[in-house]
Amino acid sequence: MDANKMDTLLQEQRTFHPPDDFQVKANFNNPDIYESALRDPESYWSEQAQHLSWFTPYESVCDWNPPHAEWFSGGQLNAAYNCVDRHLTDGRKNKAAIIWEGEPGDRLVLTYDMLAREVNRAARMLKDLGVERGDRVTIYLPMIPELPISLLACAKIGAIHSVVFGGFSAKALHERIVDADAKILITADGGYRRGNVIPLKANADEAVEDTGIDTVLVVKRVGAAANASMKAGRDVWWHEISQSTSAAPLAAEAMNSEDILYLLYTSGTTGKPKGIVHTTGGYLVGANTSMRSVFDLKDDDVFFCTADIGWVTGHTYLVYGPLSAGATTVMYEGSPDYPTRDRYWDICERYGVTILYTAPTSIRMFMKWGSSHVEQHDLSQLRLLGSVGEPINPEAWMWYHEHIGHGRCPIVDTWWQTETGCAMIAPLPGLTVTKPGSATRPVPGIDADVVDEEGNSVAPGNGGYLVIRKPWPSMLRTVWGDDERFRKTYFGKFDGVYLPGDGAHKDKDGYIWILGRMDDVINVSGHRIGTAEIESALVSHPAVAEAAVIGRADELKGQAITAFVTVREGVTTSDELVTELKKHVVDKIGAMARPEEILFAAELPKTRSAKIMRRLLRDIAEGRVLGDTTTLADPSVVDVLQAQYKEAD
Ligand code: WTA
């Protein structure tokens, strides 16, 4: 975030109290909860764990051997049982579990009973295909009902799912399949996005070459227009084998609390994505608790999380959180502006959405489109709004409050990460006074703080590193296959203290204002991308000698990707090369990593020890006066670049 924006953010004075009627009815409305949970987090979490069904009760709540935590040891449970089967006998059998809307307009409602049957069937299909407890199943699907069904089917038989977002390229998918050593891949012939067909199967065909995948299970989503080809002996159609597979009740595997539920790959500071490991008991307790605390979930709520299940927000707040709490979760396949810009509001009105959870980048887009699209719809059922993915600027917060919430709905700005599993810093809507732009304070049971370089808590009014001091149930357990990386990345700076990688400010009331990443990770439209990943994609092109990538502040997307590239000797730079390099990055990673701009440079600014000074590149890209250049090996390099950049603008 640039310095000016940060100053404006920190001058925000407005406060919003929970409305009285909301407070009275809120699940969490006793302020003592913060204090008591902080004093005795184990009792707090153990109390929350009672909201799940355990096959075998746990013996201890938390065993903490930094940086490794075990939660609810000795306990046995099953995530799919908790999300589905148990609701067949708790009065929710015929309640809508998933309300699904496809982009072309097709609709489907799955009651808990119907969902249970589909999960049983899919679980049997996986078993028949040879999937066993502990095996990894990679899932590369569009936002169709088979996606949550696949997750739950894996969970039911104790297989570990690894979902790869459908926007990732074949190469990115390949890398994740290999790292997880997955046995089978579940994909679709294609998916819809803004009326176009995404060729998922073609990507999958390329991705599974030279991997351990011997079976590809293919959902027919698009049909002929997808032009998918099936490889005999390897590919099987979902709809064909499902016809001959029973949907009758199937006993859920009793999983140990610490058995892995899923892997989810996320970007870090090096080129290789990290497989974040989440385990069964702790993750589910975290997800379930936050539904009741942060989202104040009631039995008649209709919960609409707009994220894709390919990201952690979709895992926790489309699938495991809402379903474990017996809620109705709304799932939409497509884009918010297809076919018209009121698509979300139409969905909210038609299904009577009561809780909406979306990202600041979308809110800024809605602002840009104007409120007329919203005003066509009756949003009176909405009672709570959530935000996630990046810092929400106060203007977007206020617009959300006024135009979507009509001043009536509390806003929960939720800070968390793939690694944390569930919301960590967020208001409790019936208790916490909110300030536009601040995620407010850690939720009960979470001991977060802002510290200086030495790890000391900063005084109110200061900034530093965001940290989490104590373990929590849904924390990542390790990085798949690389425990050393887990230790170094998250616990390497402060002993036994978790380092998320975000910078934060603590105001005079102790409120936390997240300022963004402090490492080489950028956040484009709420998607987290490592600059090193894009750089290595660029450098793998034969024309490129060297590349430096930065996130430039962007009104709409939060950050936009700018790449500075030096070409190899003999290569002539051209607009065609720019186009080709952008395409190359899309092929290597996916469309969300496409650089917005590529600037050719004769040289990149480096220190005498040959480290690229990204800070100066950011100054150039954001049109600022250059910061300190005295450590540069050749200060003239930046002057040339700056002149060039202005010209290109
Ligand atoms: C950023 C998404 C400010 C942050 C759940 C974090 C946020 C990264 C917020 C994790 C928020 C997420 N305010 N920043 N409310 N929520 N972030 O793993 O930089 O995709 O480290 O998880 O997003 O991104 P991830």
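**Close-up 1. Helices α11 and α12 pack against each other in this predicted model.** Here we look at α11, which spans residues 280–293, and α12, which spans residues 312–324. Their axes lie 8 Å apart and meet at an angle of about 85°. Angles of 65 to 115 degrees count as roughly perpendicular, and α11 and α12 are therefore roughly perpendicular to each other. On the α11 side, the contact is made by Tyr283, Leu284, Ala287, Asn288, Ser290 and Met291. From α12 come His315, Thr316, Tyr317, Tyr320, Gly321, Pro322 and Ser324. Sorted by class, the contact of α11 with α12 has 7 nonpolar and 6 polar residues, with no charged residues.

**Close-up 2. Seven strands make up an open, mixed sheet.** Follow the strands across in the order β12-β11-β8-β6-β7-β14-β15. The edges belong to β12 (235–237) and β15 (274–279), each of which pairs on one side only. Direction ignored, neighbouring strands of this sheet are turned by 25° against each other on average.

**Close-up 3. Within the sheet, β7 runs parallel to β14.** Strand β7 covers residues 160–163, and strand β14 covers residues 260–266. The two are joined by 2 bridges. To find your bearings, start at serine 162, whose bridge partner in β14 is leucine 263.

**Close-up 4. Helix α9 lies across four strands.** Formed by residues 200–208, α9 lies across β6 (136–140), β8 (184–188), β11 (215–219) and β12. The helix runs at about 160° to β8. The strand β12 in this view is also an edge strand of the sheet.

**Close-up 5. Helix α16 is largely enclosed by the rest of the structure.** This helix takes in residues 394–404, and 8 of its 11 residues are buried, so α16 is largely enclosed. The buried residues are Pro394, Ala396, Trp397, Met398, Trp399, Tyr400, His401 and Ile404. Do look just beyond the helix too: α16 is followed by histidine 406, which has a positive phi, near 45°.

**Close-up 6. Strands β1 and β2 form a hairpin.** Strand β1 (residues 60–65) and strand β2 (residues 68–73) run antiparallel and are joined by 5 bridges. Between the two strands sit 2 residues. Serine 60 stands opposite serine 73 in β2, a handy pair to pick out in this view.

Conventions:
Residues numbered from 1 in each chain as written. Predicted model: local features only at pLDDT ≥ 70, side-chain atom pairs only at ≥ 80, totals over all residues. Heavy atoms only, no water. Axes fitted to C-alpha atoms, helices over the stretch in contact; angles between N-to-C directions. Parallel < 35°, antiparallel > 145°, perpendicular 65-115°, else oblique. Contact = heavy atoms within 4.5 Å. Nonpolar A, V, L, I, M, F, W, Y, C, P; charged D, E, K, R; others polar. Buried < 20%, exposed > 50% of the residue type's maximum accessible area, 1.4 Å probe, protein only. Pairing = 2+ DSSP bridges.
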